[in-house]
Amino acid sequence: MELEKLLGQLHDDPGFMRHVTRWHEQTAAPARTEPLPAELHPRLAEALLRQGIASLYTHQADAFRAAREGRHVAVVTPTASGKTLCYNLPVLQALLEDPTARALYLFPTKALAQDQLAVLSGLCEALGLGNIVGVYDGDTPASARRRIRQDARIIITNPDMLHMGILPHHTQWAALFAHLRFIVMDELHAYRGVFGSHVANVLRRLKRIAGFYGSAPQFIASSATIANPEELARRLTSSPVALITRDGSPKAHKHFIFYNPPVVDPALGIRRPALLEARDIAGRFLMHDLQTIIFARSRLGTELLLTYLRQLLEERGLPAELVRGYRGGYLPKERRAIEQGLRQGKVRGVVATNALELGIDIGDLSAAILTGYPGSIASTVQQAGRAGRRSRVSAAILIAGPSPLDQYIVTHPDFLLGRSPERALIAPDNPAVLLSHLACAAFELPLAGDERFGAEDITAQLLSFLAEDGQVRLAGGRWHWARAAYPAGSVSLRSAGADIFTILAGAGDGKPPQTIGTLERFSVPLLLHEGAVYMHEGQTYIVERLDWEAGLAYVQPAEVDYYTEASANIEVQISQTLAEEDEGPLRRGFGEVIVHSQATSFRKIRLFTQEVIGRGPITLPAVSMPAGSFWYALPPAFLEQLQELGAWQGEPIRDYGPNWEIQRRLARQRDGFRCRHCGAPEPPGREHDVHHLRPFREFGYIPGANERYRQANALDNLITLCPRCHRLAEAARQLRSTLAGLAHVLRHVAPVFLMCDPADLGVVSTHEGYQGWPTIFIYERAPAGIGFSQALFDLPEGELLRAALDVVRQCQCLAGCPSCVGAAGEFSGNVKSQVLRLLRLCLAGLPEVYPT
């Protein structure tokens with residue numbers, strides 16, 4: 001009742017509702033159930049009845065039947081729909097029927113593993129199976145590992161430990177692999193991109209070892225709602241799967257509110273920081289004693305919100321400890337205490353990173369507040385689903401951040417509320433990824449001469465490469481590992497390239513630095529240059545030193561209120577066009593490219609306000625990488641049409657400063673009164689133009705406020721051009737500026753369709769790209785690509801461009817801002833309008849793929 005009272009107050013508050021773009025209500029719906037299966041083991045049925053479970057939801061019953069039929073199963077139902085029973089029932093049934101049977105559970109996080117340990121241990125004790133469940137991960141004490149290997153019948157672990165700690169040492173796990181009946185994979189949608197591509201190969205190695213010991217395990221997987229769950233499950237497991245989607249769980253009454261913070265600077269389109277809005281809105285829920293979870297995007301955001309909310313509680317005479325933080329870096333004991341406090345109701349609010357996004361049991365919360373779009377629709381649904389996980393009314397509020405991606409989602413709520421368009425993409429046969437795991441497989445078990453590892457028939461070719469490098473040798477018709485070190489230790493599941501940098505964090509107190517991550521060399525100049533802010537599990541680090549030759553980056557923890565953004569000169573060369581077609585007046589395509597990057601400088605940008613507070617140079621070697629890329633190219637006929645329409649006419653500058661006429665005359669005199677481009681002399685009665693090499697607007701001259709016209713009008717920045725060459729130069733500059741603005745927004749809206757982070761994509765606009773035409777390339781940052789490029793090409797005609805148009809059109813800035821086309825830059829008067837005009841011309845005549 002208290003929640004409904006508060007929601008009523010918010011609905012009647014004009015100041016709040018003015019910024020609500022959608023208030024969606026999900027009506028309550030009853031459960032659809034089936035009786036407990038007749039074949040369910042009596043002890044298991046009795047244990048369920050003791051827990052008050054007298055029937056199964058339809059999807060639980062479907063999953064149990066499919067598993068009993070020996071099929072691989074993928075269950076795709078909403079958050080808090082009881083997916084855990086979908087895999088626990090068939091596993092426990094098998095363990096009761098066969099005293100030798102084993103199961104392996106894979107979870108993407110340690111917290112989920114611990115949560116499942118508590119659930120399974122209680123069930124197994126109730127079933128009389130004893131202490132047969134063990135968690136085997138990096139936190140498992142050495143003293144417990146031997147017992148787990150020998151006695152545990154259910155092993156709970158994560159892909160990293162399976163990859164490095166179990167498969168290479170499979171002889172110590174002979175009992176597990178000889179009797180392995182089930183492999184359970186929770187949160188299947190988390191295994192996507194580079195990470196998912198690696199996990200697919202880890203599972204190939206797992207199946208290979210299991211086959212060696214004589215077992216053929218079944219997979220049971222669960223996933224959040226995505227567009228391609230069957231495809232993802234099939235590609236991860238290399239097996240056909242039965243897809244279970246008939247959700248029978250009850251639906252509670254839920255309010256989902258989309259909130260866009262107010263604009264505080266109309267000219268620049270700057271909105272009030274989402275963090276401050278989250279503080280105010282969460283405060284209202286907490287003051288009504290409504291248990292609330294607030295998600296922040298970073299560790300810094302978590303700590304700031306926690307501080308704000310505790311100050312608010314203290315001002316109202318309430319204990320600050322009613323609100324807790326939850327993020328990476330907390331000790332396991334602290335996390336368990338917070339989770340228990342939430343379940344018991346002693347903790348009334350928790351500010352968390354996505355560490356609490358997944359299905360850890362934290363009880364029945366009233367509200368979830370999302371500070372910024374989490375990056376994917378699946379993550380948004382999961383975070384929102386942390387409230388109202390049982391039957392009571394609940395609320396979720398998404399507070400948009402300033403990025404184009406956030407702005408697109410908050411102004412297109414139907415995109416999130418409808419069927420998810422996100423496809424979780426993996427590329428298990430990416431040559432770099434496949435090569436790494438082929439080496440691991442050879443270490444684990446010799447490969448037969450004709451053995452095939454992976455879907456693509458390139459095993460022999462890759463083995464020959466490994467042999468030339470001295471990693472494997474052929475003996476007796478089998479390929480054997482030829483080195484002393486085991487290869488899994490040098491293969492990161494989160495990097496696609498073979499040339500990897502190791503990131504070392506100083507521990508202080510004379511302790512040796514700890515490895516906290518890895519990164520491909522190609523990305524290092526942009527993300528790990530000296531002075532860069534590096535984020536890991538919500539913790540902020542500053543890069544202090546980079547050892548380019550040794551492949552080491554040394555970082556130190558730091559609390560800063562800014563992030564860094566690097567600039568680079570990037571060139572993209574098309575190696576092979578795989579497909580192309582016309583999209584309106586544009587030509588679009590995708591294929592294989594080589595990306596050349598030379599990092600030049602970086603900016604320090606203040607969090608929340610996007611203010612540039614510092615700059616620095618980057619002096620590192622150029623790097624190159626083969627990648628997949630999607631592109632839009634502007635054919636000559638379309639350029640001519642744009643020229644005729646006056647698309648590239650820039651807004652004139654009225655005041656070039658008091659010394660302009662003198663500098664202009666000196667420049668013409670220096671150049672002999674001839675055009676520096678074509679050599680034409682000045683005709684009688686018409687002086688040549690003088691052009692700024694670096695655009696005048698970039699200097700930020702304000703009459704009466706500064707003297708930046710002096711640098712802008714310096715002779716080394718001026719060049720004499722005839723009227724024709726000057727028009728061409730200005731048009732080319734406008735074209736570059738417009739393409740750069742369009743590229744900015746395309747990069748940020750593309751992830752909506754790809755289930756990836758904007759950082760997974762690079763973008764570059766060039767005056768001479770595909771066939772020498774002006775081109776925008778959206779390339780993948782993973783070497784050789786994951787499949788994002790083809791996914792963009794496969795989108796319905798006009799869908800990506802229309803999404804970009806909607807973001808730019810609905811942005812409230814005047815001339816361009818980071819929320820749409822980027823900073824206004826050299827043509828602050830009309831970059832936004834030029835991008836809008838270009839997009840409208842591109843979309844003219846194309847069918848609308850959804851209402852705008």
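This briefing goes through the salt bridges, nonpolar cores, a surface patch and two residue environments of the structure above. The model is a predicted one. A search of the whole structure finds 36 salt bridges, and the largest nonpolar core holds 83 residues, while a second, separate core holds 44. On the surface, Ile662, Leu666 and Leu715 together form a nonpolar patch.

**Salt bridges**

- Arg668 and Glu687 form a salt bridge in which the closest N and O atoms are 3.7 Å apart. This pair links distant parts of the chain, since Arg668 sits in helix α22 and Glu687 in the loop between α22 and β31 (689–692), with their positions 19 residues apart in the numbering.
- The two partners of that bridge fall into separate classes of accessibility: Arg668 counts as buried because its relative accessibility is 7%, under the 20% limit, whereas Glu687, with a relative accessible area of 39%, is partly exposed.
- The side chains of Arg686 and Asp689 also meet in a salt bridge, with an N to O distance of 3.3 Å. Here Asp689 is the buried partner, at 17% relative accessibility, and Arg686 is partly exposed, with a relative accessible area of 36%.
- Elsewhere, salt bridges that share partners join Glu34, Asp62, Arg65 and Arg246 into one network.
- A further salt bridge brings together the side chains of Arg272 and Glu277, at 2.8 Å from N to O. Glu277 is buried, with a relative accessible area of 5%, whereas Arg272 is partly exposed at 22%.

**Nonpolar cores**

- Within the largest nonpolar core, which has 83 residues, the members that touch the most other members are Leu634, Leu746, Leu754 and Leu800.
- For Leu754, once its neighbours within four places in sequence are left aside, the contacts are Arg423, Leu425, Leu761, Phe788, Ala791 and Leu792.
- The second core, separate from the one just described and made up of 44 residues, includes Ala94, Val135, Ile154 and Ile156.

**Nonpolar surface patch**

- The patch formed by Ile662, Leu666 and Leu715 has about 220 Å² of accessible area when the three residues are taken together.
- Ile662 belongs to helix α22, which covers residues 660–670, and this residue counts as partly exposed because its relative accessibility of 45% lies between the 20% and 50% limits.

**Surroundings of Ser492**

- Ser492 is placed in the loop that runs between strands β21 (478–481) and β22 (500–505).
- A polar atom of the Ser492 side chain lies 3.1 Å from the backbone nitrogen of Arg494, and the side chains of Ser492 and Thr518 are joined by a polar contact of 3.0 Å.
- When residues up to four places away in sequence are not counted, Ser492 touches His198 and Thr518.

**Surroundings of Leu526**

- Leu526 is located in helix α20, which covers residues 524–527, and is buried, with a relative accessible area of 14%.
- Apart from its neighbours within four places in sequence, Leu526 is in contact with Ala566, Ser567, Ala568, Ala599 and Arg781.
- The C-alpha atoms of Leu526 and Leu620 are separated by 9.7 Å, although the two residues are 94 residues apart along the chain.

Definitions and conventions:
Residues are numbered from 1 along each chain as its sequence is written. This is a predicted model: local features need pLDDT of at least 70, side-chain atom pairs count only at pLDDT 80 or more; totals for chains, interfaces and linings use all residues. Side-chain values use heavy atoms; hydrogens and water are left out. Patches are made of residues with over 30% relative accessible area and no salt bridge: like charges are joined within 9 Å, nonpolar side chains (Val, Leu, Ile, Met, Phe, Trp, Tyr) within 5 Å. Accessible areas come from the Shrake-Rupley method with a 1.4 Å probe; for residues, only the protein chains shown count as cover. A salt bridge is a side-chain nitrogen of Lys or Arg within 4 Å of a carboxyl oxygen of Asp or Glu. Helices (H or I, at least four residues) and strands (E, at least two) are DSSP runs, numbered from the N terminus. Buried means under 20% relative accessible area, exposed over 50%, partly exposed in between (1.4 Å probe, protein chains only). A nonpolar core is a set of buried Ala, Val, Leu, Ile, Met, Phe, Trp, Tyr and Cys residues joined through side-chain atoms within 4.5 Å. Contact means heavy atoms within 4.5 Å. A polar contact is a pair of N or O atoms within 3.5 Å; within protein, one must be able to donate a hydrogen and the other to accept it, and residues adjacent in sequence count only if both atoms are side-chain atoms.
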